[in-house]
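Thanks for making time this morning. I would like to walk you through one chain, going from its overall division down to single elements, and I will try to keep to what the coordinates show.

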Amino acid sequence: MSYDRVRGMNDILPEDVAWWQLVEHTIRGLSRRYNYREIRVPIVEHTDLFTRGIGEGTEVVTKQMFVFPDQKGRSLALRPEGTASVARAYLSAGLQTTAPFQKWYYLGPMFRYEKPQKGRYRQFHQYGIEALGSLDPSLDVEVIAYAWTLMSELGIGGLSLRLNSIGCPEDREPYHEALRAHFSDSIGSMCADCQRRYEDNPLRILDCKQPQCQPHIEGAPGSAEYLCDDCAEHFAAVTGMLDRLGLSYAIDSRLVRGLDYYTRTVFELISEDLGSQDSLLGGGRYDGLIESVGGPSIPGVGFAGGMERLVLVLQEREKALEPDRIDLFVAGLGDAGRKAGFALVETLRRLGLAVEIDHRGRALRKQLTLANNLNARFLIVLGEDEVTAGTAKLKEMDSGEEHEVSLAPEAIFAALCDAPVSDGRDGCGCEGCGSS
Ligand code: AMP
């Protein structure tokens, strides 16, 4: 019997993991520079957290959550996104009283029951940053700047940032009225979801992807015209600082985003390489979220991006990654050579070198092919003679140069770490010598 993968849930095989590690490494480095610390939250939460946090009427909550009862009948859900869990973690730790200002980042799998297609999966991975505890527009700008810097460090171009302000809950009423007035004649010909949204939350209509609704959405009034003085001032401060930093954006006054917790600033980074699922990341301010999940009024701002989409764009643009190199391959000849080789390899690994040996008892020719496939920097062939003499030839694979080394692990370690490196790094780059 064989098992199929669960639809929309993918394996990430080692060939692809290198891309993921590149992205994760860049995110960790950038987060350190921006002073965002990592938080890890559970994959499962009480369903209520998402219903209250993300919003009862959102697609994510009504259609896309994986919900199941636990053994005692309590309703649990696989997290469809990270921000609600982050808000819950903040409250669980009591930070609202002890240390209300926090800057965090996270990486991890999310789950949404969507129709799978390129760039859209049922298990996908998000990276995200969240800054909690300040209303200052500089934080909105910092979060956007982080997103732009991340893309520039990954060498991703062809991007555009859509920006809007959807104001505060008080601005919503007049805006909802304006939207209802706009859609009143056309709502009968729009999709069933939009007809429901028309009554409950007309803002959500702007997020509809149904083709029949698009012509009516195009002429709808934009939210920026309905901002109160405070929200308008906040938005002007955000755009002013973005201009000052030279970060480009295009105001799209009908951008609303799919989750109910957003207030004021919302934004989305779009890639021209992604086809129909073109949103690389999205975020904004969520000043009411902590309150809606049971805490005091504490503002927040952040974004989340899809790892799969980022990796797709990178692969599209770069085609191939430099393959990882191992430091040394030890080929063993005969029983004595193989046994001594295995012991040597173990010691060298403990000293910090990346070393491999053939585990399938194969002939020398096959072992050398493996050394080439692993892109080894150096090769040692160990036979009975070498074991008896306690020395062997160390071959540098790129130049073909050979010289005699002692088989004492420290001597090999020193020979490798002193050797010039052909790929332009300073030092040998092995974990052991720490000069990477
Ligand atoms: P959201 O949490 O809906 O604001 O989405 C933020 C980002 O997560 C999007 O811009 C995508 O890059 C990514 N994303 C959302 N849903 C999916 C999905 N089903 N599959 C892959 N990536 C997704």
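**Domains, a sheet and a helix**

The domain assignment of the protein chain gives domain 1, made of 14-155 together with 251-318, and domain 2, which runs over 328-418. Please keep in mind that this is a predicted model. Taken over C-alpha atoms, the centres of domain 1 and domain 2 are separated by 47 Å.

Let me turn to the sheet. Five strands form an open sheet in the order S13-S12-S14-S15-S16, and the pairing is mixed. Strand S13 (355-357) and strand S16 (402-406) are the edge strands, each pairing on one side only. On average, and with direction ignored, neighbouring strands of this sheet are turned by 30 degrees against each other.

As one pairing in detail, strand S14, residues 378-382, and strand S15, residues 391-396, are joined in the antiparallel sense over three bridges, and Ile380 has Leu394 in S15 as its bridge partner. Helix H13, residues 334-351, packs on the sheet, where it touches strand S12 (328-332), S13 and S14, and its direction makes about 160 degrees with that of S13. Helix H14, residues 364-373, also packs on the sheet, touching S12 and S14, with its direction at about 175 degrees to that of S12.

Finally, helix H12, residues 307-318, has twelve residues and reaches 16 Å from its first C-alpha to its last, close to the 16 Å expected at 1.5 Å a residue. Its buried residues include Met307, Leu310, Val311 and Leu314, and also the charged residues Glu308 and Arg309. Just after H12, Lys319 takes a positive phi of about 65 degrees.

Definitions and conventions
Residues are numbered from 1 along each chain as its sequence is written. This is a predicted model: local features need pLDDT of at least 70, side-chain atom pairs count only at pLDDT 80 or more; totals for chains, interfaces and linings use all residues. Side-chain values use heavy atoms; hydrogens and water are left out. Two strands pair if DSSP finds at least two bridges between them. Helices (H or I, at least four residues) and strands (E, at least two) are DSSP runs, numbered from the N terminus. Axes are lines fitted to C-alpha atoms, for helices over the stretch in contact, and angles run from 0 to 180 degrees between N-to-C directions. Contact means heavy atoms within 4.5 Å. Domain bounds come from an automatic or database domain assignment. The expected span of a helix is 1.5 Å times one less than its number of residues. Buried means under 20% relative accessible area, exposed over 50%, partly exposed in between (1.4 Å probe, protein chains only).
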